[in-house]
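Here is a short tour that starts from one residue and then widens to the whole chain. Please keep the structure open while you read.

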Amino acid sequence: MISAPDPAPATSAPADLIVLAPVWTGVSAAPSAEAVAIRGDRIVGLDAAARSLRGPATRMVEAADGLVVPGFQDAHVHPPTAGRKLLTVDLDPLDGGEAYLRAVGEYAAAHPQEEWIVGGGWAMEHFPGGTPRAEDLDAVVPDRPVFLFNRDVHGAWVNSAALARAGIDARTPDPPDGRIERAAGGAPTGTLHEGAAYSFETRHVPAPTAQQWQEALSAAQAHLHALGITGWQDAWVTPDTQDAYRSLAAAGRLTARVVGALWWDRHRGLEQIDELLTRREQSAPGFFPTTVKIMLDGVLENGTGALLESYCDGGGGFTGERGLTYVEDDVMTAAVTELDRAGFQVHVHAIGDRAVRGALDAFATARAANGPLDNRHHIAHLQLIQPRDVPRFAELGVTANCQTYWAQHEPQMDELTIPFLGPERSRMQYPFADLLRTGARLAMGSDWSVTTADPLQQIEVAVRRVDPDNREREPFLPEQRLELAVALAAFTAGSAWINHDDEAGVIAVGRRADLAVLDRDLFAPDVLPTDARVTHAVASGRVVAEA
């Protein structure tokens, strides 16, 4: 929690909005209140001082049984692609292959004018070995190419028409940063992993138009606001999506505060920094492209997460494979050092223990070269961390950007991860409490649309390590649970810190008026986070979502 509020404004003009409800401020010196008053984009009063600012035009919101919290900030999210999926083939809400195929077929029938059928959200656990097949898609869309990213966006499902359009056959080699799933004779079966999926999309799938990207962002923003999210860090900003953010901002339609993480092209080197510096200047009101995102490895469930030791084979032996590292150590170290010197924040994707250690080593070199700067670097995902590396986050001032929803028993964990890590490494997954105990700063992000964008679901998993939809399941490594106040602080002040947003993250007089109103008090007995719902979201003093 933040130690002290800012000083109160001098004026006593009536408030524009007063919320009468229990308030969790996130400020350790004054952790609770019973009312909050807003004028313009600022918080101007708490408790009795807030009530005294009621005027004839003041809007009143009452939630006596609820709770007001600072606006949630998502430190790792993908709104453009998530919003695009909402508007195309969205498989996220569906459960299994038959439902997927029905949705794809219905969408194709309803959109005969579309040359390609695109979307995604399928889960690996619904297919043998996590790899769906082209012929299943052929049965519902035989005449047009289909390209569907999986839920974690590390693989894609394509049909035969798509493979033919791209010229992929048994003679096509795997790219160095990916894999084409094949039958015994080498023919592609319909699943593309990592770089094979990304390069396919880049080369062959028609890119969305500028208008389509703006529509996708608008849909994503509405979804996030409805969940109480008032700001975020977009973890994969391309020139096209950067233009979409700027267009929304210019039209007055960007109501969130957004930090853009500019994508580091792993196929290039340090020469791209000049381009990133130019793009950093292309900001807009509410949009700040001040971060660079480096994707260091893949994911464990398809064997592309970078491990220090070999994957297990699931039968008591080892495969000899240690996953993929997308940026070599010397390039990674040089890039982080130069980006740090240039004043960029660096946001690293690291899943496996080899990737986590490599990222920490790069930050250590940058710190030794440049001194401790206020760039607020962070590492996201952090699925597997060796115990010796846990204290290094605090030592290096690197924030742990946690995707807490993943820390639960579910098929992807129990069937596609634990057997291939083995028991010892499986106990090292998502060590959020250990990171906290060693002094690391915590932030939280959803990685939506990989998983739900709902902060309340993610907070419940953080405090219980159990699927909110299956609360009777065995907790996953319960010793790594976080206290509710800690998890709330991570999803508010912690993520605001990541976003260099020192005006938000807490509810205090003088701070920007970003807050979420819940219909239940999360701290009440027998209430769990997902029992509550967001009724109002306020961003910069403006009600941007209302149930």
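## A loop valine and its partners

This is a predicted model. Once neighbours within four places in sequence are set aside, V153 is in contact with Y198 and V450. You will find V153 in the loop that links β9 (146-150) to β10 (155-158).

Is V153 buried, partly exposed or exposed? Its relative accessibility is 24%, so V153 counts as partly exposed, because the partly exposed class runs between the buried limit of under 20% and the exposed limit of over 50%. For a sense of distance, take P70: it is 83 residues from V153 in sequence, and the two C-alpha atoms are 30 Å apart in space.

## A buried glutamine in α17

Now let us move to Q458, which sits in helix α17 (residues 455-464). With a relative accessibility of 1%, Q458 counts as buried. Which residues does Q458 contact, leaving aside its neighbours within four places in sequence? They are T404, Y405, G445, S446, T452, A453 and F491.

Q403 offers another sequence-versus-space pair to look at: Q403 and Q458 are 55 residues apart along the chain, with their C-alpha atoms 7.6 Å apart.

## Cysteines

How many disulfides does the model have? The count comes to zero, the rule being a pair of cysteine sulfur atoms within 2.5 Å. Two cysteines are worth a look for their burial. C312 has a relative accessibility of 11% and so counts as buried. C402 is buried too, with a relative accessible area of 1%.

## The overall fold

Stepping back, the protein contains 18 helices and 22 strands. Its radius of gyration is 23 Å, close to the 24 Å given by the globule rule for 547 residues, so the protein is as compact as a globular protein of that length. Along the principal axes, the C-alpha trace spans about 75 × 55 × 50 Å.

Buried residues account for 58% of the 547 residues. Among contacts with a separation of 6 or more, 73% join residues that are 24 or more positions apart.

## Surface and charge

What does the accessible surface of the protein come to? The total is about 20,900 Å², and carbon and sulfur atoms hold 51% of that area.

As for charge, the protein carries 46 positive and 74 negative charges. The mean positions of these two sets lie 3 Å apart.

Methods. Residues are numbered from 1 along each chain as its sequence is written. This is a predicted model: local features need pLDDT of at least 70, side-chain atom pairs count only at pLDDT 80 or more; totals for chains, interfaces and linings use all residues. Side-chain values use heavy atoms; hydrogens and water are left out. Buried means under 20% relative accessible area, exposed over 50%, partly exposed in between (1.4 Å probe, protein chains only). Helices (H or I, at least four residues) and strands (E, at least two) are DSSP runs, numbered from the N terminus. The radius of gyration is taken over C-alpha atoms; the globule rule is 2.2 Å times the number of residues to the power 0.38. Contact means heavy atoms within 4.5 Å. Accessible areas come from the Shrake-Rupley method with a 1.4 Å probe; for residues, only the protein chains shown count as cover. Lys and Arg count as positive and Asp and Glu as negative; His and the chain ends are not counted. The place of a charge is taken as NZ of Lys, CZ of Arg, CG of Asp or CD of Glu.
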